[in-house]
Amino acid sequence: MLDLEAIRSRFPALASGDVILDNPGGTQVPRAVTDRIVRYLHETNANHGGAFPTSRASDEVVAGARSAVADFLGAARPEEIAFGPNMTTLTFQMARSLSREWKPGDEIVLTRLDHDANVSPWLLAAADRGATVRWLDFDPADCTWNVEHLRSLVCERTKLVAVGWASNSVGTVNDVAGAAEAAHAAGALLYVDAVHYAPHGPIDVALAGADFLACSAYKFFGPHLGILWGRYDLLERTFAYKVRPAGDAPPDRWETGTQSFEAIAGTLGALEYLAWVGESFGGDALPALAGRHEGRRPALASAMTAIRAYEATLSRALLEALDAVPGLAVRGLTDPLRFDERVPTFSFTLSGHSPRAIAEELGRRGFRVWDGNYYAVGVTERLGLEGTGGMVRVGAVHYNTPEEIHRLGTVLREIARS
Ligand SMILES: Cc1ncc(COP(=O)(O)O)c(C=O)c1O
């Protein structure tokens, strides 16, 4: 059981009294993050690889953060983690590198459920190489796709399958391990966008069977920083666009230019916070771990398992609150028996009110929510909502409470009546 009072007291932004439900666009940060950032800039601010103490200390902070991220994702070794500006930029970088080998007639599979950061980089790379794009559609009734359909799309010409672990638009959690099996059976690589799943549940890249996985620290309680995990052998042998003096071994060959060391330090702070959650409230929630059991891995896996369990309560509260609003239609999974297939990210439309007008009215009343397509443009297009302002999205994380969601329901019912 999470102690919400203890958890919330660690996040200065929660003192505003606002109900923060724009979390899929970026979460708030615990004090551990800002403390790390300030300490980095005040005490160890120096570039990489120098012969003097602050440069060495800076490199140590980065190494500590890399190990912590490896523990968070279940990576086999820290060198499998590369930092970058954000997930989108890292994915463009990887698409450029991986597609160097593609030829006309080769194929890739993309989904209509993904954020465009896991679509456009591959679409553009395929266009550059003359490769064919196959689309994995989703069922508009519940916004899920199935692995059988994916299996029918791959063949010996498939080079890459790109899927999201969870949808930032409608909250669906996808069968990543099934996608890995399907991709690998055809000899293709699997690239996973875990940006939306990372704050909600445990990630184990080995169990998932991914070849590459990207996420963003600002979505899991850290600062703005992109993270790429790749299988070491792939990071080592895939062509990297890099400057000549940069190291040839992973991760150096993937980290182009000077990194945001303060953001890397802050990410370490976020993972120290999550390890505290695991140690304090994880109890016996520790899942079976593949691979390493070292460092912060058990505490982080335990935290994310406890968070996932708590968030099922938030999903039920959200569904109940939204269901009670006349004229409101939730898009995505609404069967509570299938809530292990979703995270508490709900999108909806309300008849007679545009998504922007609802978000504005909620904003005036202290509820921070998003509206539009949130860059998951394939979803709003498929649902026929792209031309009508998209949807309103309310996305809870573990610092939200059922009481906040109850208040949201009350206000939405008032808006529906107005
Ligand atoms: C599911 C998903 N993937 C990718 C991204 C892009 O991440 P970044 O902002 O780090 O480029 C986002 C951002 O909203 C997202 O929600």
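Reader: What makes F92, L123 and L124 a nonpolar patch on the surface of this predicted model?

Author: In this predicted model, F92, L123 and L124 together show about 250 Å² of accessible area, and the patch is called nonpolar because Leu and Phe are among the side chains that count as such, joined within 5 Å where each residue has over 30% relative accessible area.

Reader: Why is L123 called partly exposed?

Author: L123, which lies in helix α5 (residues 120-129), has 32% relative accessibility; since buried means under 20% and exposed over 50%, L123 therefore counts as partly exposed.

Reader: How do you know that the span of helix α14 (residues 402-417) agrees with what is expected?

Author: At 1.5 Å a residue, the 16 residues of α14 should span 22 Å, and because the end C-alpha atoms of α14 are 23 Å apart, the two values agree.

Reader: Which residues of α14 are called buried, and by what cut-off?

Author: The buried residues of α14 are E404, I405, L408, G409, V411, L412 and I415, the cut-off being under 20% relative accessible area. In an α-helix, residues three or four places apart point the same way, because there are 3.6 residues a turn.

Reader: What makes β2 and β4 the edges of the seven-stranded sheet?

Author: The open sheet runs in the order β2-β8-β7-β6-β5-β3-β4, with mixed pairing; β2 (81-84) and β4 (132-136) each have a single partner strand, so one side of each is left without a neighbour in the sheet. From one strand to the next, the twist averages 20°.

Reader: How do you know that β7 and β8 pair?

Author: Pairing requires at least two bridges, and strands β7 (residues 212-216) and β8 (residues 226-230) are joined over five, in the antiparallel sense; L213, for instance, has W229 of β8 as its bridge partner.

Methods. Residues numbered from 1 in each chain as written. Predicted model: local features only at pLDDT ≥ 70, side-chain atom pairs only at ≥ 80, totals over all residues. Heavy atoms only, no water. Patch = residues over 30% accessible without salt bridge, like charges linked within 9 Å, V, L, I, M, F, W, Y side chains within 5 Å. Areas by Shrake-Rupley, 256 points an atom, 1.4 Å probe, with all protein chains shown as cover. Salt bridge = Lys/Arg side-chain N within 4 Å of Asp/Glu carboxyl O. Helix = DSSP H or I, 4+ residues; strand = E, 2+ residues; numbered from the N terminus. Buried < 20%, exposed > 50% of the residue type's maximum accessible area, 1.4 Å probe, protein only. Expected span 1.5 Å × (residues − 1). Axes fitted to C-alpha atoms, helices over the stretch in contact; angles between N-to-C directions.
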